[in-house]
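Work through these exercises with the model open beside you. Try each task before reading its solution.

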Amino acid sequence: MPCPALPEGFDFTDPDLYQSRVPLPEFAQLRRTAPVWWNAQPHGIAGFDDDGYWVVTRHEDVKEVSTKPDIFSAHLNTSIIRFHPSMTRDQIDVQKLIMLNMDPPEHTRVRQIVQRGFTPRAIRALEDALRDRAAKIVAEARRRGSGDFVTDIACELPLQAIAELIGIPQDDRARIFDWSNKMIAYDDPELAITEEVGTNAAMELISYAMNLAADRKECPAKDIVSRLVAAEDEGNLGSDEFGFFVLLLAVAGNETTRNAITHGMHAFLTHPEQWELYKRERPDTAAEEIVRWATPVVSFQRTATRDTTLGGARIAKGQRVGIFYSSANNDPEVFDHPESFDITRDPNPHLGFGGGGPHFCLGKSLAVLEINLIFQAIADAMPDISLTGAPRRLRSAWLNGVKELRVQYG
Ligand code: HEM
């Protein structure tokens, strides 16, 4: 196999790279030449005591890593592929309290409990409230005439959806939104969120959620908090576990859905024939293609629990393995013309919500519902929406983020 011709020092988790683009041509090169490739890094730059990680680029291999938690652990070094270099090992280890960073059997126990809040019935029950919210958000933006699509439209529904799901009282929502926003912006200096501000916001959110859980334990209501923490039997979350779960929801459910919506809007506005088709036919297949196209989470990681082989590479016990959903979702072995934005694509076995293993996105149905509701509201109320500027991208090591998208609301 020929070697990939990447510039010296190239790093598939370099936040400066993602500030300008997702490295799709480089992924394509790896898929062809070295589908599982060792990416050397200066020692400790990602917050870990090592010198690099494997880049897994093919759809098939991303699925294999995702579905074998006994060989590829989400716990040993967490699922986050790159932390700030100043992060200490103790700070990384605290993140292991979050479900995303657990392995079976601990993960299985927590997941079984929290799943109760995400049944098809529970999600359907939110639909009317969220449809109303989507219409209000769009109407409000329209009154402004023009503005930033990210703050006016894309941010709002995901925040409301999580608050609605958890049953956060209306008066507390502004605080929850503020904490959530502060927690996810640490890599981008322009947002001026220091590590400390981010950590404090996380602590405040956890403590808010723990108090909510304690209240509901005393005095159960008909909401998901009560269902997850009610004290009658063993299969429940402790108040602290609930606190970390809410923290995970705030991170996993906000930035991801916000970026799917923003990239989706940008894709429609730069592929006008798809927007016309959407407005006319509203195909059910659109939301999945928006997520494939956007792939908001570029990568997560696992750590090998033993020596193993993958896609022809020999992986040693303890090495980190990056699963690159962005690459898998553009693998031509699986997708015809992956470079085309095609809202009628069917089947669409994209891995934007994960590779099908135990950590597969818990909020997928909610995310698809939100994407459908917001684009329906936009198509109804502002069919002539148009771009007035290029997207300004977020500086992040593993999120495909847009922080500003100027539009005319039509
Ligand atoms: C378009 C929007 C979204 C995308 C692209 C997305 C993507 C992902 C991905 C890639 C994973 C990891 C899968 C794996 O490791 O195999 C994940 C896990 C998760 N997601 Fe999402 N997500 C989205 C929306 C949401 C929403 C709306 C929620 C909840 C309100 C949510 C909650 C979670 C949780 C709790 C996990 C961890 C599951 C576990 O560890 O068992 N996500 N998501």
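**Exercise 1. Find the main nonpolar core and the helix that gives it most.**

Solution. This is a predicted model. Start with the size: the largest nonpolar core holds 110 residues. Next, look for its most connected members. V56, L205, V246, V321, F324, I371 and I374 have the most contacts inside the core. Then ask which element contributes the largest share. That is α13, with 12 residues. A general tendency fits here: in soluble globular proteins, nonpolar side chains tend to be buried together.

**Exercise 2. List what V56 touches.**

Solution. Leave out residues up to four places away in sequence. The contacts of V56 are then V36, D61, V62, V65, L310, V321, G322, I323 and F324. Now turn to the strands. V56 has I323 as its bridge partner in β8. The strands involved are β2 (residues 52-56) and β8, which pair in the parallel sense over 3 bridges.

**Exercise 3. Decide whether strand β8 is covered or open, and describe its two sides.**

Solution. Strand β8 spans residues 320-324. Count the buried residues: 5 of its 5 are buried, and the strand is mostly covered. Now sort the residues by direction. R320, G322 and F324 point one way, while V321 and I323 point the other way. In a regular strand the side chains alternate between the two faces of the sheet. Finally, look for another partner strand. β5 (residues 299-304) is joined to β8 by 5 bridges, and the two run antiparallel. Within that pairing, S299 has F324 as its bridge partner.

**Exercise 4. Work out the strand order of the three-stranded open sheet.**

Solution. Read the order as β4-β12-β9, with antiparallel pairing. Next, name the edges. They are β4 (146-148) and β9 (386-387), and each pairs on one side only. Then check one pairing in detail. β9 and β12 (residues 406-408) are linked by 2 bridges in the antiparallel sense. L387 stands opposite V407 in β12.

**Exercise 5. Describe the shell around the ligand.**

Solution. Begin with the count: 29 residues surround the ligand. The nearest are G253, G354, H359, C361 and G363. Sort the shell by type: 18 residues are nonpolar, 10 are polar and 1 is charged. Then trace the helices. α13 (239-270) and α17 (364-381) each supply at least two shell residues. The largest share, 7 residues, comes from α13.

**Exercise 6. Locate two cis peptide bonds and two positive phi values.**

Solution. Recall the background first: most residues other than glycine have a negative phi, and most peptide bonds are trans.

- The bond from P104 to P105 is cis, with omega near 5°. P105 lies in the loop between α4 (89-94) and α5 (106-114).
- D346 and P347 are joined by a cis peptide bond with omega about 0°. P347 lies in the loop between α16 (325-328) and α17.
- T78 has phi near 65°. T78 sits in the loop between β3 (72-73) and α4.
- R282 has phi near 45°. R282 sits in the loop between α14 (272-281) and α15 (286-294).

Last step: is each of these two positive-phi residues buried or partly exposed? T78 is buried, because 24 other C-beta atoms lie within 10 Å and 20 or more count as buried. R282 is partly exposed, because it has 14 such atoms within 10 Å, between the cut-offs of 12 and 20.

Note on methods: Residues numbered from 1 in each chain as written. Predicted model: local features only at pLDDT ≥ 70, side-chain atom pairs only at ≥ 80, totals over all residues. Near = placed C-beta within 6 Å. Helix = DSSP H or I, 4+ residues; strand = E, 2+ residues; numbered from the N terminus. Nonpolar A, V, L, I, M, F, W, Y, C, P; charged D, E, K, R; others polar. Core = buried A, V, L, I, M, F, W, Y, C linked by C-beta atoms within 7 Å. Contact = placed C-beta atoms within 7 Å. Pairing = 2+ DSSP bridges.
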